[in-house]
Amino acid sequence: MKFLPEPSKPESKALTQDLPSSELTPNRQNLADNSCDTQGGIDPRDRFTWSDFYIVLSIPIVSGLTYLGLIYLYNPATISWLAPSETPAFYSNSLWNAPKSIKQIEKELGGVQLKLGEKYGLQKEQSIYTVLETETQNIREIRLYQTIWDRGEEKFLLVSTTTVAGVDEYFVRSPLLKYAISPLSKKLQPNRKRLPLKRLARLKDSPNDYGGTWFATTGSIDGIAYGQIYYFLEDQRSQLFELESWTSPMGELPNWQKVLSNQTWQLVVNQTQKFEPLFTIWQPEVVPNKGNGKPINLRQITLNEAKSQPEKYREALVLASVGLWSPALENLNLVTIEMRSQGQSLSPYLQEQYDLIAFHARITSLQAQKSLSSLGERALVHIIDGQWEQAIAIANDPDYKGDQIAEMLAQYHPHIWQRVTTLLTYTGVKKEIKLWGGLVVLHRNGLRRAENWLRSQKVDVKDYDQLLQRLDLAPISIKPNQLMGTVSYLGKGNAGANWFLPPPKLEEGQAWYEVSISLIKDGNQWINSPFAELSDRASLLLWKILGLSLNPKLGVVLYDAYGKSKAANLTAQSLWVNESGNLKILTTGEAGLAPLLSTSTIAPLVTSGGAFSPPNGIPVNWQTVPRITIERIIRAMYSELQRNGQVSLGLEEFSILVQQQWTLQSVNLDGFDRPEYLLLLDREQVDLGDRHYPLAIAFTSEGALLFSDVSGNRIWIDVLPSSINGQILTFRDGSYEVWRLR
């Protein structure tokens with residue numbers, strides 16, 4: 001083997017000058033054992049040279065540079081000493097997130113069914129874009145781009161992306177739930193559904209006090225506007241910060257106002273509901289820079305109670321919480337006067353609450369001063385401002401109808417009731433407040449419960465009776481246009497004290513009669529007693545809807561043993577309804593009518609709304625009726641008569657008699673298209689003793705028996721007058737009632 005030539009001595013000295021002596025002294029044993037030449041020299045391959053030293057040193061340097069290179073490729077902004085000073089602090093993507101043109105961005109988004117939306121230009125050549133779903137136009141992202149000029153072409157570098165998730169529907173509708181009277185839908189629960197956002201808007205007239213730019217995303221549902229507040233801070237670390245969600249039943253964007261007395265600007269959201277003012281007020285507060293935290297915070301001004309405050313202060317917060325802003329402000333003014341007398345002043349926290357209440361009180365006070373056309377609305381704005389006496393004076397004004405007050409109660413009774421129940425927790429509550437509570441109970445639960453509630457509140461009857469009577473105007477579904485019932489004699493003395501309307505003085509020759517109403521014709525449909533809907537209404541309203549205010553005259557029909565009738569008249573004077581809905585009318589009539597009532601074969605029939613005029617049947621010639629139908633009619637009739645006594649004629653003779661002497665009528669009795677057959681027999685034709693006549697037997701068009709009052713259990717009176725067929729007036733167990741054949 002040939003060896004490399006040995007270095008010259010000077011070079012050897014130079015290389016060995018700095019080496020320690022131990023490294024220059026060879027191991028003699030090793031030299032003896034491993035000698036490779038006859039001269040006993042060192043193998044050059046075993047020497048450690050400077051080249052070896054540099055190679056070893058380069059290994060960690062190369063590894064470190066490789067590691068830094070990989071980091072720089074993945075996220076160059078993390079190596080701040082390598083990144084240029086203008087690099088956005090939140091440029092969190094890799095180098096492959098190269099600046100792109102608008103067309104390139106649109107193409108990239110289009111591949112995932114997205115597109116660019118609104119653009120807002122900022123300083124330092126930065127822009128905010130919304131990213132929308134192509135199909136729904138909902139905002140999915142808000143992006144911050146940095147403008148980059150690449151060889152004269154405008155491109156955009158994505159600096160940061162903010163995901164937009166929508167707003168909780170329960171939160172959006174929450175201002176309207178304060179006075180809700182029906183249970184919430186199972187679908188409307190907190191954190192159940194998020195509503196989409198459609199637009200991004202820059203808030204107008206933003207103050208310079210807090211720097212940055214203010215934005216709001218917006219959406220709308222059922223006239224309610226909602227969204228989220230965003231704050232954009234432009235500096236070396238430009239970023240978009242999401243702050244608070246907002247909702248406005250008025251459909252308005254948040255706006256800047258000076259509500260508080262601290263001379264700063266507040267962000268205000270209008271949550272007013274027509275006459276019910278309510279504003280959410282946020283006080284912006286700059287937060288000391290702590291890393292990646294929000295540079296600004298929105299603190300809501302609330303009615304949360306401060307500790308160790310006087311009773312009047314706590315009462316003021318309770319009143320304000322139910323919308324009684326002006327009474328709340330009066331209480332706070334008393335607190336302020338007392339504190340000043342002691343040389344104290346309101347703390348900043350209490351001052352903010354004072355300003356919040358005063359802001360709302362100014363609105364309710366101005367509302368109450370307006371001249372509104374509707375009496376109901378005029379009374380309502382006085383209630384909202386705590387002016388109960390003025391409100392009840394409007395309701396009591398006899399120069400106006402009470403329908404507008406009733407309409408207002410139908411719509412706003414939850415607003416009034418919440419205020420009444422809150423005030424009832426305090427002592428010395430005014431009578432007018434209780435009266436409005438009684439009117440709410442009247443609307444919700446009816447007259448009787450309203451009277452009971454007012455009695456429980458120690459309100460005198462004379463203070464509420466006429467008010468309740470006048471304002472019991474809620475809609476009623478029954479539309480009576482005719483009454484039917486029975487009559488009984490009361491006498492000539494006192495009519496009794498239970499009647500709702502004071503009876504007049506009885507005239508000479510007159511007597512008192514009580515009419516029990518059995519049927520009411522509601523539109524075209526006859527209905528039987530009791531009438532539950534009438535049980536809890538004011539007597540004045542009942543008097544009107546029953547038609548007695550226009551025509552108090554009632555007719556009386558009395559029947560003799562032969563079915564003949566004669567008529568008399570009564571005059572309605574008062575009425576009474578029990579809790580079950582049984583209706584009675586106090587009437588006057590000729591005293592001579594009393595003995596005739598007992599002579600009627602069945603209870604005399606009392607009618608109102610005109611004469612009782614049942615429809616007439618059409619006579620039918622027996623020869624036009626099919627033979628099989630005639631046979632069925634004759635056999636059915638013969639069997640009915642046999643049940644109530646021995647028939648002297650045989651079936652064939654009876655058949656001849658019937659067809660020769662008895663008249664068959666065609667009447668639509670059951671409401672179906674095919675008319676039925678009806679036989680009406682007087683006492684001269686069939687005598688079954690002392691009972692009501694004529695006897696009625698009805699058959700189907702095929703001759704099957706439909707009805708027979710031969711047995712007398714249910715007595716046929718007549719077909720009721722109505723455009724709806726199949727309503728039969730019958731008499732059973734001492735009372736008249738409507739009955740259908742099928």
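**Exercise 1.** Which residue in strand 14 is the bridge partner of Pro284? Place this pair in its sheet.

*Solution.* The model is predicted.
Step 1. Pro284 has Leu298 of strand 14 as its bridge partner.
Step 2. Strand 13, residues 279-286, and strand 14 run antiparallel and are joined by five bridges.
Step 3. Both strands belong to an open sheet of four strands, in the order 11-12-13-14, with antiparallel pairing.
Step 4. Strand 11 (255-257) and strand 14 (296-300) each have a single partner strand and stand at the edges, so one side of each lacks a neighbour in the sheet.
Step 5. On average, and with direction ignored, neighbouring strands of this sheet are turned by 40° against each other.

**Exercise 2.** Determine which strands of the sheet helix 9 touches, and give its direction relative to strand 13.

*Solution.* Helix 9, residues 348-369, packs on the sheet and touches strand 11, strand 13 and strand 14. The direction of helix 9 makes about 145° with that of strand 13.

**Exercise 3.** Describe how helix 10 and helix 11 are arranged and which residues meet.

*Solution.* Step 1. The axes of helix 10 (residues 375-384) and helix 11 (residues 388-396) cross at roughly 165° and come within 7 Å.
Step 2. Angles over 145 degrees count as roughly antiparallel, and helix 10 is therefore roughly antiparallel to helix 11.
Step 3. The crossing of these two helices is left-handed.
Step 4. From helix 10, Leu375, Arg378, Ala379, His382 and Ile383 meet Trp388, Gln390, Ala391 and Ile394 of helix 11.
Step 5. Sorted by class, this contact has six nonpolar, two polar and one charged residues.

Definitions and conventions. Residues numbered from 1 in each chain as written. Predicted model: local features only at pLDDT ≥ 70, side-chain atom pairs only at ≥ 80, totals over all residues. Heavy atoms only, no water. Pairing = 2+ DSSP bridges. Axes fitted to C-alpha atoms, helices over the stretch in contact; angles between N-to-C directions. Contact = heavy atoms within 4.5 Å. Parallel < 35°, antiparallel > 145°, perpendicular 65-115°, else oblique. Left-handed = near helix turned anticlockwise from the far one by under 90°. Nonpolar A, V, L, I, M, F, W, Y, C, P; charged D, E, K, R; others polar.
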